[in-house]
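Biologist: Could you take me through one part of this protein slowly, as you would for someone in their first year? I would like to start from a single contact and then see what lies around it.

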Amino acid sequence: MKDETKYIHAGYEPGNGDPRQLPIVQSTTYTYDSSDAIAAVFDEPTHALIYSRFANPTVMAVENKVAALEGGVAAMATSSGQAATVMSILNLCSAGDSFVSSSEVYGGTVNLFSVTLKKLGIEVIYVDPDAPEEELAAAFKDNTKAMFGETIANPSMAVLDIEKFARVAHAAGVPLIVDSTFATPVLCKPIEFGADIVIHSTSKYMDGHAVQVGGMIVDAGKFDYTNGKFPDFTEPDESYHGVVYTKDYAVAPNIIKTRMQLQRDFGAYPSAQSAFVLNLSLESLDVRMKRHCENAQKVAEFLEGHDAVNEVRYPGLESFTYHELAKKYLRGGYSGVVCIDVGDRDKGTRFMDALKLVARQVHVADARSCVLHPASTTHRQLTDEELLAAGITPGLVRISVGLENVDDIIEDIAQALEQL
């Protein structure tokens, strides 16, 4: 099937007389014919369902759909994008290990990496994503187990050179994890460029309506975990009947290990109802993303020529630093998020407060246009110098361009800018 068809049909195939729409299996547990049947499931969990803390038929259908869309061999849903991020790291790193990350990543991810994982004994090593390969490679240590980056960084809008990161990661014998939330598989499939694990905050464009929070981890099924760096994959897991993940689940060892170790213990799994809603949204994702991109391109072009705007960050503009990388990695559009610099904190808040149609909210990638001024909200604890180190200027404003008539969006932005 072509992608446009997969968004609607992949993951669930009704049989004769079955429901046309994906059923909601609202059950925490499942029944068996005998104690031997239960024992067999614990010995081989892929043959049947055990418990909805880490596997549910409705959720699994959506997992299969996203895996098909990304070109992966398997996927696992989580209760949030943050849960997907932390599980993708903890599945590879233990106390005493390190991983390399692009410095241009979401603020919540920075806190997770720099504070919480540090408390668990896992070190993050930040690198400039635009640095040459030799400089990136020099950041790796003997205990480094992964490399991380975002396809389109939030909120700096930097576009990751995925192939460069993949070469560096693979030369060091570690997998590349790519957060592709802003791109979605509509615009970019990181696995095609060498990524080994792709994660999403499904709360954003995949949901697209600010209805439910969720995440997803997709396993490319290509990385060789038998290279000596990952004994947890190649030695018996005594917590789970002595399973050897690279031997017993060679096709998708990463996802199986994540599900049977971390998801089993943490239980950060979405409900069947949430998965049902996500599936409905995925059916229209291809169409919605095209409209988001078209509207954002027009908004960015309007802003680029406005006297009150110092800078416009949008991958679709030829003037943007990352435009050439965007043309290489993104297809059919450049996402729906536009960031502008209006000068300073005061102007940033004044502009945001003057908007009428565009909503002020701590969210992004919604059908409705929304705006956020990071320096006065999500990053208000940082000084101007600290903001700049994170790729955020004091006057930076993030505009998530929605699906409204673009003339209405531009008219609202224009009247707010006039008040500066």
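Modeller: Happy to! Let's start with Ser369 and Glu404, whose side chains are joined by a polar contact of 2.8 Å. Keep in mind as we go that this is a predicted model.

Where does Ser369 sit? It lies in the loop between strand 10 and strand 11. Is Ser369 buried or exposed? Its relative accessibility is 0%, and buried means under 20%, so Ser369 counts as buried. Glu404 is not the end of the story, for the side chain of Ser369 also reaches the backbone nitrogen of Gly402, at 2.7 Å. If we set aside the neighbours within four places in sequence, Ser369 is in contact with Leu357, Val358, Ala359, Ser400, Val401, Gly402, Glu404 and Ile409.

Ser400 from that list leads us on to the strands. In strand 12, Ser400 is the bridge partner of Cys370. Strand 11 covers residues 370-372, and 3 bridges join it to strand 12, with the two running antiparallel. Now step back to the whole sheet: it is an open one of 5 strands, in the order 8-9-12-11-10, and its pairing is mixed. Which strands stand at the edges? They are strand 8 (311-313) and strand 10 (359-360); each has a single partner strand, so one side of each is left without a neighbour in the sheet. As a general point, strands of a sheet pair through backbone hydrogen bonds, either parallel or antiparallel.

Just before strand 12 there is another residue to look at. Thr393 is found in the loop between helix 16 (384-389) and strand 12 (396-400). With a relative accessible area of 14%, Thr393 falls under the 20% cut-off, so it is buried. The side chain of Thr393 makes a polar contact of 2.9 Å with that of Asp341. Beyond its neighbours within four places in sequence, Thr393 is in contact with Arg313, Asp341 and Leu388.

Next, the nonpolar side chains. The largest nonpolar core has 125 residues, and Leu303, Ile340 and Phe351 are those with the most contacts inside it. Helix 13 (residues 285-304) gives the most to this core, with 7 residues. The core draws at least three residues from each of domain 1 (3-273) and domain 2 (286-418). What does Leu303 touch, leaving aside its neighbours within four places in sequence? Leu303 is in contact with Val309, Val312, Val338, Ile340, Ile399, Ile413 and Leu417. There is also a second, separate core of 12 residues, which includes Ile50, Phe54, Ala55 and Tyr240.

Finally, let's see how the two domains meet. The chain is divided into domain 1 (3-273) and domain 2 (286-418), and their C-alpha centres lie 29 Å apart. Across the boundary, 37 residues of domain 1 are in contact with 35 residues of domain 2.

To return to where we began: Ser369 is buried, and its side chain has a polar contact with that of Glu404 and reaches the backbone nitrogen of Gly402. Try finding Ser369 in the loop between strand 10 and strand 11, then follow strand 11 across to strand 12 through the 3 bridges that join them.

Technical notes. Residues numbered from 1 in each chain as written. Predicted model: local features only at pLDDT ≥ 70, side-chain atom pairs only at ≥ 80, totals over all residues. Heavy atoms only, no water. Core = buried A, V, L, I, M, F, W, Y, C linked by side-chain atoms within 4.5 Å. Buried < 20%, exposed > 50% of the residue type's maximum accessible area, 1.4 Å probe, protein only. Helix = DSSP H or I, 4+ residues; strand = E, 2+ residues; numbered from the N terminus. Domains from an automatic or database assignment. Contact = heavy atoms within 4.5 Å. Polar contact = N/O pair within 3.5 Å; in protein donor to acceptor, adjacent residues only side chain to side chain. Pairing = 2+ DSSP bridges.
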